[in-house]
Amino acid sequence: VFEFTKRESRFQPYAIGGVGLQRHRELTGTGYYWSNSWTGSAGIGTKIFLSDRLYLAPEFRLGLEPIVRITASVGYVF
């Protein structure tokens, strides 16, 4: 995660990215089929502070498996 601003305002935009290994198991007529594939994504989001420490963070990512991902999280700064 790369945050574009310091925490001086209520909105804190950021860029995010990641890579990983995805495992898949499928039941076929002769047993289980296992496969592995690499995955990665990158996107943008913003932390919206609801109070001094509590925030909501909507996020949009593009990548491989899934191709488009839209999420939101709730966080707390200790």
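**Group meeting: Gln 12, Glu 3, Lys 47 and the salt bridges of the sheet**

If we leave aside its neighbours within four places in sequence, Gln 12 is in contact with Glu 3, Thr 5, Lys 6, Arg 7, Gly 45, Thr 46, Lys 47 and Phe 49. I should say at once that this is a predicted model, and that what follows should be heard with that in mind.

Let me stay with Gln 12 for a moment. Gln 12 sits in strand β2, which covers residues 11-28, and with a relative accessible area of 5% it is buried, because the limit for that word is under 20%. Among the contacts I listed is Glu 3, and here the two side chains are joined by a polar contact of 3.0 Å.

Now to the sheet in which these residues are placed. It is an open sheet of five strands, in the order β1-β2-β3-β4-β5, and the pairing is antiparallel. Which strands are the edge strands? They are β1, residues 2-3, and β5, residues 68-76, each of which pairs on one side only. As a general reminder, strands of a sheet pair through backbone hydrogen bonds, in either a parallel or an antiparallel manner. Towards the β5 edge, strand β4, residues 54-63, is joined to β5 by nine bridges, with the two strands running antiparallel, and Leu 54 stands opposite Tyr 76 in β5.

I turn next to Lys 47, which lies in strand β3, residues 31-49. Is Lys 47 buried or exposed? At 16% relative accessibility, Lys 47 counts as buried, since that value is under 20%. Beyond its neighbours within four places in sequence, Lys 47 is in contact with Glu 3, Arg 10, Phe 11, Gln 12, Tyr 14, Tyr 55, Leu 56 and Ala 57. Glu 3 therefore appears in the contact list of Gln 12 and also in that of Lys 47, and the side chains of Lys 47 and Glu 3 are joined by a polar contact of 2.9 Å.

How many salt bridges does the structure hold? There are three. In general, side chains of opposite charge can pair when their charged atoms come close. One of the three is formed by the side chains of Glu 3 and Lys 47, at 2.9 Å from N to O. Glu 3 lies in strand β1 and Lys 47 in strand β3, so this pair ties together parts that are 44 residues apart in sequence. The two partners fall into separate accessibility classes, for Glu 3 counts as partly exposed at 34% relative accessibility, whereas Lys 47, at 16%, counts as buried.

The remaining pairs involve Glu 59. The side chains of Arg 61 and Glu 59 meet in a salt bridge of 2.9 Å, N to O, and both of these residues are buried. Glu 59 also forms a salt bridge with Arg 69, where the closest N and O atoms are 4.0 Å apart. Why does this second pair link separate parts of the chain? Glu 59 lies in strand β4 and Arg 69 in strand β5, so the pair ties together parts that are 10 residues apart in sequence. Glu 59 counts as buried at 12% relative accessibility, while Arg 69 is partly exposed, with a relative accessible area of 33%. Through shared partners, the salt bridges join Glu 59, Arg 61 and Arg 69 into one network.

Note on methods
Residues numbered from 1 in each chain as written. Predicted model: local features only at pLDDT ≥ 70, side-chain atom pairs only at ≥ 80, totals over all residues. Heavy atoms only, no water. Helix = DSSP H or I, 4+ residues; strand = E, 2+ residues; numbered from the N terminus. Buried < 20%, exposed > 50% of the residue type's maximum accessible area, 1.4 Å probe, protein only. Polar contact = N/O pair within 3.5 Å; in protein donor to acceptor, adjacent residues only side chain to side chain. Contact = heavy atoms within 4.5 Å. Pairing = 2+ DSSP bridges.
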